[in-house]
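Please open the model in a viewer and keep the selection tool at hand. The tour below proceeds stop by stop, stating what to select and what is found there.

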Amino acid sequence: EKKCILSGAWQNELGSNMTIFAVNKAGQFSGLYLTAVSAAKKPILVSPINGSQHIDSLEQPTFGFTVKWTFSDSTTVFVGQCFVDDHGEETLQTMWLLREKAKSAENNWNATMVGTNIFTRI
Ligand SMILES: CC(=O)N1C(=O)N[C@@H]2[C@H](CCCCC(=O)O)SC[C@@H]21
């Protein structure tokens, strides 16, 4: 039985932390993201998370969420799946797209970065 509800506190290998609040009956959730790294010129601040996970079959569900950064004009979307090992330890395997604000349409081509990321519970 590898159920996984995303509510709680998580940390990734960069040292970024996120807290996911209650997951409702539709699988929707909100939360807070504190990144450990940023390309922005301003000090890093906590930023809101909004997303949803599958809860129909809570077995190792997939999910997605958006972080609208409060200290830069960029946005990141994360998509991934929660894996549960034989000891009940949960791991979030994710990929993300970070969209920075391009100065013009000509600069659109290199305004999106992609990465992979693993979160574990703190
Ligand atoms: C999970 C992961 O890899 N990342 C993480 O935890 N923080 C960085 C980026 C933070 C962007 C901050 C806003 C900005 O610089 O414009 S989102 C993907 C990456």
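Two strands are said to pair if DSSP finds at least two bridges between them. Strands themselves are DSSP runs of E of at least two residues, numbered from the N terminus. This is a predicted model, in which local features need pLDDT of at least 70 and side-chain atom pairs count only at pLDDT 80 or more, whereas totals for chains, interfaces and linings use all residues. Residues are numbered from 1 along each chain as its sequence is written, and side-chain values use heavy atoms, with hydrogens and water left out.

**Stop 1: strand β6 and its partners**

Select residues 75–84, which form strand β6. Then add β7, residues 90–99. The two strands run antiparallel and are joined by 10 bridges; within this ladder, Q81 has Q93 of β7 as its bridge partner. Five residues separate β6 from β7 in their hairpin, and G88 in the turn has a positive phi of about 85°.

Next, select β5, residues 62–68. This strand also pairs with β6 in the antiparallel sense, over seven bridges. G64 has V79 of β6 as its bridge partner, and a hairpin of six residues connects β5 to β6.

Now display the side chains of β6. In a regular strand, side chains alternate between the two faces of the sheet. Which residues of β6 point to the buried face? They are T76, F78, G80, C82 and V84, while T75, V77, V79, Q81 and F83 point to the other face and are not buried. Buried here means under 20% relative accessible area, exposed means over 50%, and partly exposed lies in between (1.4 Å probe, protein chains only).

**Stop 2: the nonpolar core and L92**

Select L6, M18, Y33, F65 and L92, the residues with the most contacts inside the largest nonpolar core, which has 20 residues. The elements giving two or more residues to this core are β2 (17–20), β3 (28–34), β5, β6 and β7. A nonpolar core is a set of buried Ala, Val, Leu, Ile, Met, Phe, Trp, Tyr and Cys residues joined through side-chain atoms within 4.5 Å. In soluble globular proteins, nonpolar side chains tend to be buried together.

Centre the view on L92, in strand β7. With a relative accessible area of 1%, L92 is buried. Setting aside neighbours within four places in sequence, L92 is in contact (heavy atoms within 4.5 Å) with L6, W10, M18, F63, Q81, C82, N117, I118 and F119. For a sense of distance, select G15 as well: L92 and G15 are 77 residues apart in sequence and 14 Å apart in space, C-alpha to C-alpha.

**Stop 3: N117 in strand β8**

From L92, move to its contact N117. N117 lies in β8, residues 112–121. Is the residue buried or exposed? N117 counts as buried because its relative accessibility is 4%. Display the side chain of N12 too, since a polar contact of 3.2 Å joins it to the side chain of N117. A polar contact is a pair of N or O atoms within 3.5 Å; within protein, one must be able to donate a hydrogen and the other to accept it, and residues adjacent in sequence count only if both atoms are side-chain atoms. Beyond four places in sequence, the contacts of N117 also include E13, L14, Q93, T94 and W96.

**Stop 4: strand β1**

Select residues 8–12, strand β1. β1 pairs antiparallel with β8 over three bridges, and W10 has R121 of β8 as its bridge partner. β1 pairs in the antiparallel sense with β2 as well, over four bridges, among them the one between Q11 and N17. The hairpin of β1 and β2 has four residues between the strands, and G15 there takes a positive phi near 95°.

**Stop 5: the ligand**

Select the ligand and the residues around it. There are 18 such residues, and those that come nearest are S16, Y33, T35, S72 and S74; a residue counts as near if one of its heavy atoms lies within 4 Å of the molecule. An oxygen atom of the ligand is 2.4 Å from an N or O atom in the side chain of S74. For the side chain of Y33, the corresponding distance from a ligand oxygen atom to an N or O atom is 2.6 Å. At A39 a polar backbone atom is 2.9 Å from an oxygen atom of the ligand. The protein covers 96% of the 460 Å² of accessible area that the ligand has on its own, by the Shrake-Rupley method with a 1.4 Å probe.
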